[in-house]
Structure formats: C-alpha cells, structure tokens
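Subject: Structure handover

Dear colleague,

I am passing on to you the structure that follows, together with its sequence, so that you can look through it yourself. Below it I have set out what was found, starting with a term that you will need for reading the rest.

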Amino acid sequence: MPRHPDLPPPDGPSHELILLRTAYRWQRRVAALTALGYFTAFLLLSAFVPSVVNRSARGGLSTGLLIGLCQLPVGCVALLLYEYTARRRVDPLAHRLRRRGRRPDGGGR
C-alpha cells in the first residue's frame, strides 16, 4: 500500500520533529532580524544620509549617537522576542516530543 505523501518516511524524522525544527528556525530568524535589521538601518543612515546622523538632537547629542545608544534596548527586545517565541512555539513541541520519547510505545528510547 503506498504511503500518504504528507507523511514522513518510516525511518525519517517525525512530523512533530519537523515542526520543532521549523519553529526553532523561525525563532532564530525573528530575533536575529530584529537586532540586525536595526543595526543595518543605522549603518545605511550613516553611509547614505550622514546629515541625519550628524544632526544635533536633545542634550547636545547627535542623532547618530542616540540611535547607537538605542541598540541596547533593541537587543533586549530581540531577546524578549526569542523568549516569547520559545515559550509559545518551540518549548511545547519539545516537551511533547520528550514525553512521547519516554513512553515505551512512543517509538522512542
């Protein structure tokens, strides 16, 4: 009897393992793009619109310096996004796979 095309091969990764890999990949991308996107925008402003970066802002600081100082909070936001997506998507899948692997009939160890 032919296998359904959506099912993984018998010796291949389970559907839940594929979902876990996908969720973890998405989690890394969201966090990395948050931090790197902000930094890239800062670099592009510095390279192509230096008049904006050199403009004076509050307290005698330049706009570029203020944008640079905001990188720390943006990094913290990236970490919070990483934690949020881990708790929401990755951890439940990992716990389900771990529980299934401990059962004698779960196909695990």
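A residue is called buried when its relative accessible area is under 20%, exposed when it is over 50%, and partly exposed in between. Please keep in mind throughout that this is a predicted model. With that cut-off, the buried residues in helix α1 are Glu16, Leu20, Ala23, Gln27, Ala31 and Phe42, and across the protein, buried residues make up 19% of its 109 residues.

As for the overall make-up, the secondary structure consists of four helices and zero strands, so that the order of elements, read from the N terminus, is α-α-α-α. The accessible surface of the protein is about 8,400 Å², and carbon and sulfur atoms account for 64% of that surface. If one takes the contacts in the protein with a separation of 6 or more, 60% of them are between residues 24 or more positions apart.

Helix α1 deserves a separate word. It has 34 residues, which at 1.5 Å a residue should span 50 Å, and the distance of 47 Å between its end C-alpha atoms agrees with this. The helix nevertheless has a bend of about 25°, located at Leu33.

The largest nonpolar core is made up of six residues, namely Leu20, Ala23, Val90, Leu93, Ala94 and Leu97. Two elements, α1 (15-48) and α4, each give two or more residues to this core, and α4 supplies the largest share, with four residues.

Within that core, Leu20 is a useful residue to follow. It is located in helix α1 and counts as buried because its relative accessible area is 17%, which is under the 20% cut-off. Once its neighbours within four places in sequence are set aside, Leu20 is in contact with Val90, Leu93, Ala94 and Leu97. One of these partners, Leu97, is 77 residues away from Leu20 in sequence, while the two C-alpha atoms are 8.9 Å apart in space.

Thr85 is another residue to look at, and it belongs to helix α4, which covers residues 71-102. Its relative accessibility is 6%, and Thr85 is therefore counted as buried. Apart from neighbours within four places in sequence, Thr85 has contacts with Gln27 and Val90; of these, Gln27 is among the buried residues of α1, and Val90 belongs to the largest nonpolar core.

Finally, how many salt bridges does the structure hold? There is one salt bridge, and it joins Arg87 to Glu83, with 3.5 Å between the closest N and O atoms. Because Arg87 and Glu83 are four residues apart in helix α4, about one helical turn separates them. With a relative accessible area of 62%, Arg87 is exposed, whereas Glu83, at 39%, is partly exposed.

With best regards

Notes: Residues are numbered from 1 along each chain as its sequence is written. This is a predicted model: local features need pLDDT of at least 70, side-chain atom pairs count only at pLDDT 80 or more; totals for chains, interfaces and linings use all residues. Side-chain values use heavy atoms; hydrogens and water are left out. Buried means under 20% relative accessible area, exposed over 50%, partly exposed in between (1.4 Å probe, protein chains only). Contact means heavy atoms within 4.5 Å. A nonpolar core is a set of buried Ala, Val, Leu, Ile, Met, Phe, Trp, Tyr and Cys residues joined through side-chain atoms within 4.5 Å. The expected span of a helix is 1.5 Å times one less than its number of residues. The bend at a residue is the angle between axes fitted to the seven residues ending there and the seven starting there. Accessible areas come from the Shrake-Rupley method with a 1.4 Å probe; for residues, only the protein chains shown count as cover. A salt bridge is a side-chain nitrogen of Lys or Arg within 4 Å of a carboxyl oxygen of Asp or Glu.
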